[in-house]
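Good morning, colleagues. Please take a moment to look at the sequence and the structure before I begin.

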Amino acid sequence: MGYQLKDRVVFITGASGGIGRACAVEYHRAGCRVVATARSYDKLAELSHELGEDRVFPIQLDVTDADQRAAALQKAREHFGGIDVLVNNAGGGSSVKGGIGGLEETTPEGFDAVYQLNVRVPFFTAQAAARVMAARGGGAICNIVSIDGVFPAPGEGLYGSAKAALVSLTSTLAIELGRHNIRVNAVAPSLIDTKLVARHLATDDQRTDRASFFPINRVGTAEDIAGAVIYLCSDEAGWTSGETLLVAGGQKAASDAIRWLRRVNPVPDGAKF
Ligand SMILES: NC(=O)c1ccc[n+]([C@@H]2O[C@H](COP(=O)([O-])OP(=O)(O)OC[C@H]3O[C@@H](n4cnc5c(N)ncnc54)[C@H](OP(=O)(O)O)[C@@H]3O)[C@@H](O)[C@H]2O)c1
């Protein structure tokens with residue numbers, strides 16, 4: 001059975017690559033109309049050309065710019081007549097120095113930039129999109145958080161805490177928006193093979209080492225996450241709201257059994273986490 005999503009209008013942030021792009025491709029496959037946004041307009045235009053310009057509308061958007069966000073949401077409404085689904089995907093550690101790392105590496109500027117991108121932006125994007133959805137009788141929002149926002153992330157505590165804030169907001173927004181027939185959920189990926197984490201997967205040894213942390217002995221793909229996002233925003237998940245779904249190759253189940261996994265999954269000599 002395919003998901004009930006045909007002709008829905010889906011607004012995705014960070015759709016030029018990685019998880020956001022995979023979501024755009026899968027929503028398009030499900031018969032949706034997609035508003036693909038990111039800073040790299042050329043990549044969005046390419047995607048639109050590849051999938052069909054009548055169904056995929058590219059908009060250049062730096063999500064950290066509030067005026068650009070408002071303009072993009074307005075353009076999406078004018079182009080497709082509304083918004084039914086929001087995927088708050090753009091996020092990550094910041095390119096601002098001091099935005100990723102442990103206690104010693106973190107700077108005030110990095111702190112603000114990480115909270116801006118991962119908390120403030122998805123919160124206010126959800127607020128604006130929810131107004132449009134409420135006027136249409138309902139909708140669905142999916143926030144892309146991280147396993148680091150659910151379990152402690154030593155060395156990346158700032159990023160993890162920002163994602164944890166978004167996990168919390170997922171619950172409160174679900175409560176506040178339920179009366180407008182808007183569901184709010186989150187997907188928390190573990191290690192997904194995208195540009196964001198390329199430095200951790202640069203060599204075969206690193207890949208084998210990282211894969212061994214998952215009972216399904218591989219790292220995740222952007223499509224693994226897109227599948228979960230599409231389900232949560234479909235009518236088939238119509239009574240699911242306020243949830244954070246870990247999509248992590250069985251890592252949660254294995255968290256207490258890591259030594260056992262180290263025995264059954266091969267780890268190359270000299271590889272270290
Ligand atoms: N990969 C993982 O292992 C992993 C694990 C847990 C959670 N996540 C989360 O998953 C989400 C997507 O990550 P990814 O792995 O797909 O990363 P990615 O491959 O680096 O893609 C990030 C996307 O976000 C866009 N973006 C970044 N900053 C932006 C901004 N200021 N305005 C608009 N768009 C922006 C980028 O496009 P432009 O550069 O063109 O703007 C790109 O399309 C993030 O929220 C991340 O925290 C990823």
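Which helix contributes the largest share of the shell around the ligand? The answer is helix α1, residues 18-29, with 3 residues. I should say at once that this is a predicted model. In total, 28 residues surround the ligand, and the closest are Gly14, Gly18, Arg39, Ser40 and Gly91. By character, the residues of this shell divide into 12 nonpolar, 13 polar and 3 charged.

Let me turn to the sheet. It is an open sheet of 7 strands in the order β3-β2-β1-β4-β5-β6-β7, with parallel pairing. The edge strands are β3, residues 56-60, and β7, each of which pairs on one side only. From one strand to the next, the twist averages 15°. Helix α2, residues 41-51, packs on this sheet and touches β2 (33-38) and β3. The direction of α2 makes about 175° with that of β3.

I now take two pairs of strands in detail. Strand β1, residues 9-13, pairs with β2 in the parallel sense over 5 bridges. Here Val10 has Val34 of β2 as its bridge partner. Strands β5 and β6 also run parallel, and 6 bridges join them. In this pair, Ile141 stands opposite Val184 in β6.

How enclosed is β2, and why? Of its 6 residues, 6 are buried, so the strand is largely enclosed by the rest of the structure. In a regular strand, the side chains alternate between the two faces of the sheet. In β2 both faces are covered: Arg33, Val35 and Thr37 are buried on one side, and Val34, Ala36 and Ala38 are buried on the other.

Two further helices deserve attention. Helix α7, residues 222-232, lies across β4 (85-88), β5, β6 and β7, and runs at about 165° to β6.

Helix α5 covers residues 157-177. Its 21 residues, at 1.5 Å a residue, should span 30 Å, and the end C-alpha atoms are 29 Å apart, which agrees. An α-helix has 3.6 residues a turn, so residues three or four places apart point the same way. The buried residues of α5 include Ala162, Leu166, Leu169, Leu173 and Leu177. What do the buried residues of α5 pack against? Their partners are α4 (108-136) and the strands β5 (139-144), β6 (182-189) and β7 (244-247).

That concludes my presentation. Thank you for your attention.

Note on methods. Residues are numbered from 1 along each chain as its sequence is written. This is a predicted model: local features need pLDDT of at least 70, side-chain atom pairs count only at pLDDT 80 or more; totals for chains, interfaces and linings use all residues. A residue is near a molecule or strand if its C-beta atom, placed from the backbone, lies within 6 Å of it. Helices (H or I, at least four residues) and strands (E, at least two) are DSSP runs, numbered from the N terminus. Ala, Val, Leu, Ile, Met, Phe, Trp, Tyr, Cys and Pro count as nonpolar, Asp, Glu, Lys and Arg as charged, and the others, Gly among them, as polar. The expected span of a helix is 1.5 Å times one less than its number of residues. A residue is buried if 20 or more other C-beta atoms lie within 10 Å of its own, exposed if 12 or fewer, and partly exposed in between; C-beta atoms are placed from the backbone. Two residues are in contact if their C-beta atoms, placed from the backbone, lie within 7 Å. Two strands pair if DSSP finds at least two bridges between them. Axes are lines fitted to C-alpha atoms, for helices over the stretch in contact, and angles run from 0 to 180 degrees between N-to-C directions.
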